[in-house]
Amino acid sequence: MKRSNLPIKYGKYPYLPLKLPCLALETCSFRQTTNARVRLKKRKDLIKMAAIYSLYIINKSGGLIFYKDYGSAGRMDTNDTLRLASLWHSMHAISQQLSPIPGCSGIELLQADTFDLNCFQSLTDIVIAGTKVFVVSEPGTLHMEYLLKYVYELYTDYVLKNPFYEMEMPIRCELFDINLTQAVQKDRVALLGR
Amino acid sequence: MQFFGGSEISPSPPQPTVSGNNAHMLYVFNRNGVCLLYREWNRPLKTLNPQQDHKLMFGLLFSLKSLTAKMDPTSADKGNLGVPQLPGQGCSFHSFRTNTYKLSFMESPSGIKIILVTHPRTGDLRESLKYIYNLYVEYVVKNPLYSPGAPIKCELFNSTLDQYVRGLG
């Protein structure tokens, strides 16, 4: 490569920008730096660790009207979430048909290998299927039924009572979003359970 | 047609047994969706005929498995929704609960599915299902008169299973 091809800013110290961040680490010993790195990684894991992975609200015909992700691995696109929501709607309906005892109102808790799915169905319109709220959380997360009831309360207060909201349509209400974010915070979940 | 068993391999009719336990039904499916065994102990509500009921149950499990595999929040690469997966591949589930029953599910590496439907407040039944699978291996697979894929008609298996399920807490 000809010298003239190099960018001007690398003219004298070609690798300086790459080396700079290492300077601080070079001053301490290798062991210390690895420890620091491990500690930093742990802290990041702690931040990443959320009890709740995602939250869905589906209308009575199985259409997704609200979806929020709280840090699950691998992004799902909108089409995937729509498909999952309608699949859940039909699985919920089939589970009622398979009940050995009359009066079944569908799956409340699904325990998968890597997550728990808690589902709450609204009590109105239950003859066919009601609005369903479901949350995907870490296995063994407690008090999710309280959170779901609270989310449903928020839905009735901030969405259904909003005069600009059209029934069965996707939810776009700022106040609902704000209150939901507050509710989902981890300590709040524990608090609601008491 | 692999997934829904044809009419010529229909499962044996359920034999009603008297028991005071909290188990409702038990299903055993093979990997092609043929119902190898269906037992019921306490089932007041029957909405469908047995064959449709088995198909619906297998369909529910199949779809729930593809749902959990796609929903798995811990893996980044999940593939597309509805792609059939081998046993043990992808995120599966072990139970779900409604207000009237709890369904526990186990799939062996060879694709045998064991489903036990019990009272909703029953605890974790994963070990019990493993034990039932062991019974299946001991009394059915090791029976020289049993041909794989056919409905199970082993007297000894049925009586041992009855005894075990009756003793479940």
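# Exercises on a predicted two-chain model

In chain A, strand E3 (107-112), strand E4 (116-121) and helix H4 (144-160) each contribute at least two residues to the lining of the largest pocket. The model used in these exercises is predicted.

**Exercise 1.** Describe the largest pocket by its volume, its lining and the classes of the lining residues.

*Solution.* Begin with the space itself, which comes to about 500 Å³ in the largest pocket. Next, look at the walls: 23 residues line this pocket, and Glu108(A), Leu109(A), Asn118(A), Glu145(A) and Arg97(B) are the ones that lie nearest its centre. Then ask which element supplies the largest share of the lining; that is E4(A), with 5 residues. Finally, sort the lining by class, which gives 9 nonpolar, 9 polar and 5 charged residues.

**Exercise 2.** Classify the ring pair of Tyr56(A) and Phe134(A), and explain which parts of chain A the pair ties together.

*Solution.* A pair of aromatic rings is described by the distance of the centres and the angle of the planes. For Tyr56(A) and Phe134(A) the centres are 4.7 Å apart and the planes make an angle of 10°; because planes under 30 degrees apart count as stacked, this pair is stacked. Now place the two residues: Tyr56(A) lies in strand E1 (residues 52-58) and Phe134(A) in strand E5 (residues 132-137) of chain A, so the pair ties together parts that are 78 residues apart in sequence. As a last step, consider accessibility, which is 0% in relative terms for Tyr56(A), a buried residue, and also 0% for Phe134(A), which is buried.

**Exercise 3.** Carry out the corresponding analysis for Phe29(B) and Phe58(B).

*Solution.* The ring centres of Phe29(B) and Phe58(B) are 5.3 Å apart and their planes stand at 55°, so the pair is tilted. The pair links distant parts of the chain, since Phe29(B) belongs to strand E1 (residues 23-29) and Phe58(B) to helix H1 (residues 50-71) of chain B, 29 residues apart. Both Phe29(B) and Phe58(B) are buried. To widen the view, note that ring pairs link these two residues with Tyr27(B), Tyr38(B) and Phe62(B) into a cluster.

**Exercise 4.** Explain why Cys35(B) forms no bond with Cys154(B).

*Solution.* A disulfide is a covalent bond between the sulfur atoms of two cysteines. The closest cysteine sulfur to that of Cys35(B) is in Cys154(B), 15 Å away, which is too far for a bond. Cys91(B) is likewise in no disulfide, with the nearest cysteine sulfur, that of Cys119(A), 17 Å away. Over all chains, the count of disulfides is 0.

Note on methods:
Residues numbered from 1 in each chain as written. Chains lettered and ligands numbered in written order. Predicted model: local features only at pLDDT ≥ 70, side-chain atom pairs only at ≥ 80, totals over all residues. Heavy atoms only, no water. Phe/Tyr/Trp six-rings, centres within 6.5 Å; stacked < 30°, edge-to-face > 60°. Helix = DSSP H or I, 4+ residues; strand = E, 2+ residues; numbered from the N terminus. Buried < 20%, exposed > 50% of the residue type's maximum accessible area, 1.4 Å probe, protein only. 1 Å grid on protein atoms, 1.4 Å probe; cavity = no way out; pocket = protein on both sides within 12 Å on 5 of 7 lines; lining within 4 Å. Points joined across faces, edges and corners; volume = space filled by probe spheres on them. Nonpolar A, V, L, I, M, F, W, Y, C, P; charged D, E, K, R; others polar. Disulfide = S-S within 2.5 Å.
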